[in-house]
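Here is my note on this structure, written for someone opening it for the first time. Please keep the sequence and the 3D view side by side as you read.

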Amino acid sequence: METTVEPQPPAEESKSSGAGSARLRRPDLSVLGLAPFFIYVLVVFILPIAFILYNAFRKTTVGKSVRDPITQQFKRTSSTSFTGSNVADSLKGIYRTSLITSVKLSLLVAVLGAVVGILLAYAVANSKSTLLRQVVTAASAVTANFGGVPLAFLFLATIGNAGALTTFLNGHLGFSLQNDGHFQLSAMSGIAVVYLYFLIPLMVLVMMPALEGLKPQWGEAAENLGASRWDYWRLVAGPVLLPNFLGSVLLLFCSSFSAYATAYAINSSFPIVTIRISSVLSGNVLSGQENLGAALALDMIVIVLPLTVIYQLLQRRTSRWLE
Amino acid sequence: MSTTAYGTAAAPELVPAAPVDQHPRRSRRRRPASGSIARWTILTISGVYFIGPLIAAISFTLQNPKGGVSFSAYRQIFAKPPTGQIGFTTALVYSLEIAVATIVLTLLLMLPTQLLLQLRLQRWRGLVEIITLLPLVFPPVVLVVGVSDVFTQIHHGGPLYSFTTFIRDQHHPLVLVFLYVIQAMPFVYRSLDAGIRSIDARTLVEASRNLGAGWVTVLLRVLMPCLRTAIINAGFLCFALVMGEYTIASILLYNKPFPVWLAQLPTTSGHVQAAVSVFSLLLVEALLLLIGALNWRRAAEKRG
């Protein structure tokens, strides 16, 4: 089981400390110190994920009851076969809709959040006031972590059907958010507004160091060489920030794609894939589709995994310039 | 973008004689500031968007159906719940206990591992770092699918079955603690890593070893105090994660953790739900600011 933990022969380790060289010449057992970490991750994380892969392609069919000729007891045979039908089912009908809705919603909020977030970060990073910078950074750190049920209730109390703003607009201005504004908290636009509440601060948090890393000398050099403000952004700052910006869009996308609690608390039947998975897990499936949850989870992995890899690559590319 | 005309006027204090450039950042602003109107528009809109719902929700919770102001929603939070239902304090304490267990287990697992990586096993650092980032790739919903798949595979009877039954018990949901440790790993790793890199752990260890300190002394009296801020940060990240975690707890059918309790409050008491949300937000915010102030003071001490 622990093939991954196999200690490697210690090579140049013994040079490091002169005093304990006699001790270190023995086979280095310190690698064993990593065993708890690896075993923990293996059991609590890798094992469940492996089961998803396994179950996503497995189907258990329960056969007819057959009377055993000797014991005269009824027996139910069940056979397990490997099949692509779970995954195929997960890409059909309501499941397909949920995947598409999830992707649409995440794209919408990722792009909106990234654009608004970078504008806000730029406005703050370039302001004269260090106090403003500190306050916005601290507030962003709080708000970026503020998701889930309380956030949902905050917005229900504000622009929900009986929310404070809704009733205020209705009572004092005769404006109905739903009928005149065509806005409904439980629809995609509403959920997007709520998601942006934690995505914009996330964008501010990840873009702020990059914006502050833009060296003023670059601007001066560009200016001395006769570049306009626009040239500077197009040819210098833009290309430097671009990998970071694109990476952040991916981060925002993944973050909203995996979100569950916020949307669920606002509208428990909103058709996104995470809510669909939870309803599958609580047994709302046709018989023979018990492994549909695993298939849907696999669909999510297939979408998120490449994006995360690209994100990491983009981050690495960024750090070359903005250290 | 053609804001050059009023730019100088908007920042007159920047025009007079160029001083010796102590702050390189300043020099960019000497040119006509591009778009300070645009900047303030953005800041104002963001301010309204981020503070507005808070104010609206607070006013909503203070609304008296008969008119006027009433604190009844807040009083109801702490009121004794009807028999058979879970009260606010029960849920809060339940989550606090899970949080403490998560923090302890996370630190027990990650701190020795990361110190070992820094002191002896630099070669393994890359691998461990990648592994700690993996939970970000697999959303909580996905992880919980895998966990329930594992549970259904375990046959009734055997020792494994009694073990899983034990960790799933409503009174001590160890399974939640185990999963939260995984969820917290990406953040905890980075927080501790920043702390460990900022001290010269190798020298500290060698110095204390030369002075005759045992490994336990080195760990508890030399390294831990140096890493205090990083450890507090990591602990707080775990805390915030556990106090807000809804997905895993609700899908595994626990009804006592705070967010699950909050979500299942009867919707007729929308005022109470909002009041609890506001209350929990302020609680978390106060704690975060406290941690921020602590970090800030430490940073100031280092500079001074």
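The numbered points below cover the model's basis, chain A overall, salt bridges and aromatic pairs.

1. Basis. This is a predicted model, where local features need pLDDT of at least 70, side-chain atom pairs count only at pLDDT 80 or more, and totals for chains, interfaces and linings use all residues. Residues are numbered from 1 along each chain as its sequence is written, chains are lettered from A and ligands numbered from 1 in the order in which they are written, and side-chain values use heavy atoms, with hydrogens and water left out.

2. Chain A overall. Chain A has 13 helices and two strands (DSSP runs numbered from the N terminus: H or I of at least four residues for helices, E of at least two for strands). Of its 323 residues, 47% are buried. Buried means under 20% relative accessible area, exposed over 50%, and partly exposed in between, with a 1.4 Å probe and protein chains only.

3. Contacts in chain A. Take the contacts (heavy atoms within 4.5 Å) between residues at least 6 apart in sequence: 70% join residues at least 24 apart.

4. Salt bridges. The count is five over all chains. The rule asks for a side-chain nitrogen of Lys or Arg within 4 Å of a carboxyl oxygen of Asp or Glu. One of them joins A:D89 to A:K92, with the closest N and O atoms 3.5 Å apart. A:D89 is buried, at 17% relative accessible area.

5. A bridge between helices in chain A. A:E212 and A:R133 meet at 3.2 Å, N to O. A:E212 lies in helix 8 (residues 188-212) and A:R133 in helix 5 (residues 130-144), 79 residues apart. A:E212 is partly exposed at 33%. A:R133 is buried at 16%.

6. A network in chain B. B:D193 and B:R125 form a salt bridge at 3.0 Å, N to O. The pair links helix 9 (residues 174-198) to helix 6 (residues 125-137), 68 residues apart. Both residues are buried. B:R197 joins B:R125 and B:D193 in a network of salt bridges.

7. Aromatic pairs. There are 22 over all chains. Rings of Phe, Tyr and Trp (its six-membered ring) pair if their centres lie within 6.5 Å; planes under 30 degrees apart count as stacked, over 60 as edge-to-face, and the rest as tilted. A:F253 and A:F257 are stacked because their ring centres are 5.7 Å apart and their planes at 10 degrees. About one turn of helix 10 (residues 229-257) of chain A separates them. Both are buried.

8. An aromatic cluster. A:F155, A:Y197, B:Y49 and B:F50 form one cluster.
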